[in-house]
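Biologist: Could you give me a close look at the salt bridges here, and then carry on to the surroundings they sit in? I'd like one connected walk-through rather than a list.

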Amino acid sequence: MTEMRKVFGEALEKLMRENDRIAVIDADLGKSNGTYCLREMFPGRAFDAGVAEADMAGIAAGMTSFGYIPFICSFAPFVTRRIADQAAVSISYAKRNVKIVGTDPGITAEKNGGTHMSVEDIGIMRAIPGFVVFEPVDTEQLRQSVPQVVEYDGPVYIRMCRKETPDVFGPDYRFNLFTADVLRAGADVTVVCSGIMVETALDAAEALAKEGIGAEVVNLHTIKPVDTETLLRSVRKTGAVVTAENHSIVGGVYSAVCETLAQEYPAPVVPVGIRDRFGEVGQMDYLRRALHLGQCDIVEAARKAVGMKGK
Amino acid sequence: MDGIQELEQMCVQIRKDIVRAIGGAGTGHIGGSLSIVEALVCLYFREMNVDPQNPQMADRDRLVLSKGHAGPALYAVLAEKGYFDRDWLDTLNEPGTNLPSHCDMLRTPGVDMTAGSLGQGFACAVGMAKAAKACGSPARVFAVIGDGESQEGSVWEAAMFAGAHRLDNLIAFTDYNNAQISGTVTEILTLEPLEDKWRAFNFAARTVADGNDVAQVAQAVEWAKEQDRPAMLILKTVKGKGVSFAEKAGVGSHSMTLTQDDIDEAYEELEARG
């Protein structure tokens, strides 16, 4: 297992060597996010805005005037809910090619507690017109995604863990920013998941198989725009859905999936996610239990979804 | 200074065009548009390296109208400069217009940054100045912020950054007409001591006693260019300047509905001066 921030910093370094218009701005969390080392290598285009996230967003939007593609990085809540208006007006409304990177999403903020725990960042960024919202699962997916994020001409919000994540994808994996990945086939229920919930969903699928329930696991790494084609192909087959996300069920993966299915192919959708509450201090095990983000929660939701079919 | 008289005449024409645009739309931000005319004319016709035929010229000087509601003033100046036909002014705020009430860089040739949500444009201007330095561009960046806008904390975040990074390619202006929507700036939330504040943020700061005097503004810009750090020129202006009913309305001129009589009276008054 490698730390996500290490891979992120390396991916940026490589791209910054190839492209002198990529810039990286931190808001005093460069050491936490793996980007601090870039400022010595790329003086002038890798720098610190200080603890001033709104200013960082505006500076990034302004830098695009000279062809720069800035990445602005901080903990997830500080580059979403704190700067929602800058993200909307100075970045997306003005169609500025700025990439926003929010780390420590949801319960992965662990001991920083509720103030630092973004349970609503996907909802905020998804609601702002024009943003692509992407949550990498592991270092392999992250490594392959960064060049595609640069290549995509428009604002992107990347929501990523900064520490170690379990490996889900091998070296044969081929990532496409706008295509969801089917990680396991199954005929009875589709489990749509993102981020840290992907490994949990795969474990849950194993457990469900023992009960005779075939779960198809779909990694919706890009939550906006939803890969409607992959989602519908799966749900037309299974007829029932569970969503699993490290985020509030208001505005996140559950919302995105329901919005898509409601008008294309209505089916029961049972959510596993944070139930309209804030986070709290704790370690992952505790927080998964307290906020119902465990394997058993997905198993239970899958049973419920299967039972709702045709009713 | 050369050409000041011509610029003064041009300001009269710009004011007529502002009245024409807002009069045509029926309602608009006339007070803060009229107060900033001299600064914009000075910049576009005396100072800035821009090419109306090539609005995206890489090393052009940039202007960010952070007080984006004064769009009509900028549009009148850009039309005069030749970015687009003056007839466009008659489409202000019409459905599908290229001239919306608040500046939109995607719609209007010559507009360098979208602005309207107060406190944001200035940070973008600072980002432009930082980027110009990073890539070795000779471009300079001019930013106009409102006095009411200066109550936004994000203005001061951006100021702190510009001062700390010694962005001497940035010249900012405060349109200090001392009127915001709900009253005078002094009574709502005073900015004073404003010059000291900017100095404390490592800007070179100077107050221009009459920010509606072309010669005074032009001289101040010459001074700002010589500074070894970002500069702030605090322009003491009059909201609604040059149009009696708007001047008399004071804080009420922030956004006004204009009758045909208002328009006729304003034209007459401006004609007499032109």
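Modeller: Sure, and one cut-off first, since I'll lean on it throughout: buried is under 20% relative accessible area, exposed is over 50%, and partly exposed is anything in between. Also keep in mind that this is a predicted model.

Let's begin with a pair in chain A. Arg21(A) and Asp20(A) join their side chains in a salt bridge, at 3.6 Å from N to O. Are these two buried or exposed? Neither, as it turns out. Arg21(A) has 27% relative accessibility, so it falls in the partly exposed class. Asp20(A) has a relative accessible area of 48% and is partly exposed too.

Another chain A pair sits within a helix. Glu229(A) makes a salt bridge with Arg233(A), and their closest N and O atoms are 3.3 Å apart. Why can these two reach each other? They are 4 residues apart in helix α9 of chain A, so about one helical turn separates them. The background is simple: an α-helix has 3.6 residues a turn, so residues three or four places apart point the same way. Glu229(A) is exposed, at 58% relative accessibility.

Now over to chain B, where a salt bridge spans a long stretch of sequence. The side chains of Lys225(B) and Glu47(B) meet at 3.0 Å, N to O. This pair ties together distant parts of the chain, with Lys225(B) in helix α9 (residues 214–225) and Glu47(B) in helix α3 (residues 37–47), 178 residues apart. The two ends differ in their setting: Lys225(B) is partly exposed at 36% relative accessibility, whereas Glu47(B) is buried at 13%. Nor do they stand alone. Both belong to a network of salt bridges that also links Arg46(B), Asp61(B), Arg140(B) and Glu222(B).

If you're keeping a tally, the structure holds 39 salt bridges over all chains. How many of them run between chain B and chain A? The count there is 0. What the two chains do have between them is 7 residue pairs in polar contact, both partners at pLDDT 80 or more. On the chain B side, the elements giving two or more residues are α5 (121–134) and α6 (153–164) of chain B, and α5(B) supplies the largest share, 9 residues. By type, that side of chain B divides into 15 nonpolar, 7 polar and 5 charged residues. The contact as a whole takes 27 residues from chain B and 25 from chain A. The buried area comes to about 2100 Å², with carbon and sulfur atoms giving 64% of it.

Back to chain A for the helix that packs against α9. Helix α10 (residues 253–264) of chain A has 12 residues and reaches 17 Å from its first C-alpha to its last, close to the 16 Å expected at 1.5 Å a residue. Its buried residues are Val253(A), Ser255(A), Ala256(A), Val257(A), Thr260(A) and Leu261(A). They pack against several elements of chain A, among them α9 (228–238), the strand β11 (241–248) and the strand β12 (269–274). Elsewhere in chain A, Gln144(A) lies in helix α7 (residues 139–151). With a relative accessible area of 18%, Gln144(A) counts as buried. Beyond its neighbours within four places in sequence, Gln144(A) is in contact with Tyr173(A), Arg174(A) and Phe175(A).

Two loop residues in chain B round things off. Val111(B) sits in the loop between α4 (71–81) and α5 of chain B, and at 5% relative accessibility it is buried. Not counting residues up to four places away in sequence, Val111(B) touches Leu74(B), Tyr75(B), Leu78(B), Cys103(B), Asp104(B) and Met105(B). Val111(B) and Leu63(B) are 48 residues apart in sequence, yet 7.6 Å apart in space, C-alpha to C-alpha. Asn177(B), for its part, is in the loop between β4 (170–176) and α7 (185–189) of chain B. Asn177(B) is also buried, with a relative accessible area of 9%. Leaving out residues up to four places away in sequence, the residues Asn177(B) touches include Gly32(B), Lys67(B), Asp147(B) and Lys239(B).

Terms used: Residues numbered from 1 in each chain as written. Chains lettered and ligands numbered in written order. Predicted model: local features only at pLDDT ≥ 70, side-chain atom pairs only at ≥ 80, totals over all residues. Heavy atoms only, no water. Contact = heavy atoms within 4.5 Å. Buried area = accessible area lost by both parts, 1.4 Å probe. Salt bridge = Lys/Arg side-chain N within 4 Å of Asp/Glu carboxyl O. Polar contact = N/O pair within 3.5 Å; in protein donor to acceptor, adjacent residues only side chain to side chain. Nonpolar A, V, L, I, M, F, W, Y, C, P; charged D, E, K, R; others polar. Expected span 1.5 Å × (residues − 1). Buried < 20%, exposed > 50% of the residue type's maximum accessible area, 1.4 Å probe, protein only.
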